[in-house]
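User: I am new to this structure and would like a close look at one part of it, the sheet. Please walk me through it step by step.

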Amino acid sequence: MIIRIIGDGQYHVDSALVDSLNVIDNKIVEFVQNGDEQEYQANLAALIDTIKQHGQVVDDRELIESDIIVPPADMTLNEAREVFSGTGIFEG
């Protein structure tokens with residue numbers, strides 16, 4: 001799976017990691033709905049860190065369509081309300 005982190009490039013992520021990323025994504029949706037900015041920011045940072053730690057960077061010269069697009073770590077809670085709604089950015 002190819003995941004783009006806006007402002008940070010693309011990462012090839014093993015599909016075995018998707019369930020763990022989805023758990024974090026679901027937490028983010030919950031914290032955004034509850035207006036808990038501190039937990040929202042902490043979990044968005046954890047999502048991005050997990051992708052970076054376990055993913056392999058895709059060379060900038062390769063043109064590959066992203067399966068998932070993750071917003072930047074500095075996205076505000078208000079901006080996140082449009083992105084992290086429903087099932088979030090990962091299905092499931």
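In what order do the elements of the chain run from the N terminus on? And how are the strands of the sheet put together?

Analyst: A word first: this is a predicted model.

Start with the order. From the N terminus on, the elements run β-β-α-α-β-β-α. That gives the chain three helices and four strands.

Now the sheet. It is open, and it has four strands. Their order across the sheet is E3-E2-E1-E4, and the pairing is mixed. Strands E3 (56–57) and E4 (68–70) are the edges, each pairing on one side only. As general background, strands of a sheet pair through backbone hydrogen bonds, either parallel or antiparallel.

Take the pairs one by one, beginning with E1 and E2. Strand E1 covers residues 2–5, and four bridges join it to E2. The two run antiparallel. One pairing to look for is Arg4, whose bridge partner in E2 is Gln10. E1 and E2 also form a hairpin, with three residues between the strands. Gly7 in this hairpin takes a positive phi near 85°.

Next, move from E2 to E3. Strand E2 spans residues 9–12, and two bridges join it to E3. This pair is antiparallel too. Look at Tyr11 here: its bridge partner in E3 is Val57.

Then go back to E1 and cross to E4. E1 and E4 pair in the parallel sense, over three bridges. Arg4 appears again, standing opposite Ile69 in E4. Recall that Arg4 also has Gln10 as its bridge partner in E2. The mixed pairing of the sheet can now be read off: E1 and E2 run antiparallel, E2 and E3 run antiparallel, and E1 and E4 are parallel.

Finally, set the sheet in the whole chain. The C-alpha trace spans about 40 × 25 × 20 Å along its principal axes. The radius of gyration is 13 Å, which agrees with the value near 12 Å for a compact globule, because the chain has 92 residues. Of these 92 residues, 40% count as buried.

Contacts reach far along the sequence. Among those between residues at least 6 apart, 70% join residues at least 24 apart.

The surface comes last. The chain exposes about 5,500 Å², and carbon and sulfur atoms supply 45% of that. It carries 5 positive and 18 negative charges, and the mean positions of the two sets are 4 Å apart.

Notes
Residues numbered from 1 in each chain as written. Predicted model: local features only at pLDDT ≥ 70, side-chain atom pairs only at ≥ 80, totals over all residues. Heavy atoms only, no water. Pairing = 2+ DSSP bridges. Rg over C-alpha atoms; globule rule 2.2 N^0.38 Å. Buried < 20%, exposed > 50% of the residue type's maximum accessible area, 1.4 Å probe, protein only. Contact = heavy atoms within 4.5 Å. Areas by Shrake-Rupley, 256 points an atom, 1.4 Å probe, with all protein chains shown as cover. Lys, Arg positive; Asp, Glu negative; His and termini not counted. Charge placed at Lys NZ, Arg CZ, Asp CG, Glu CD.
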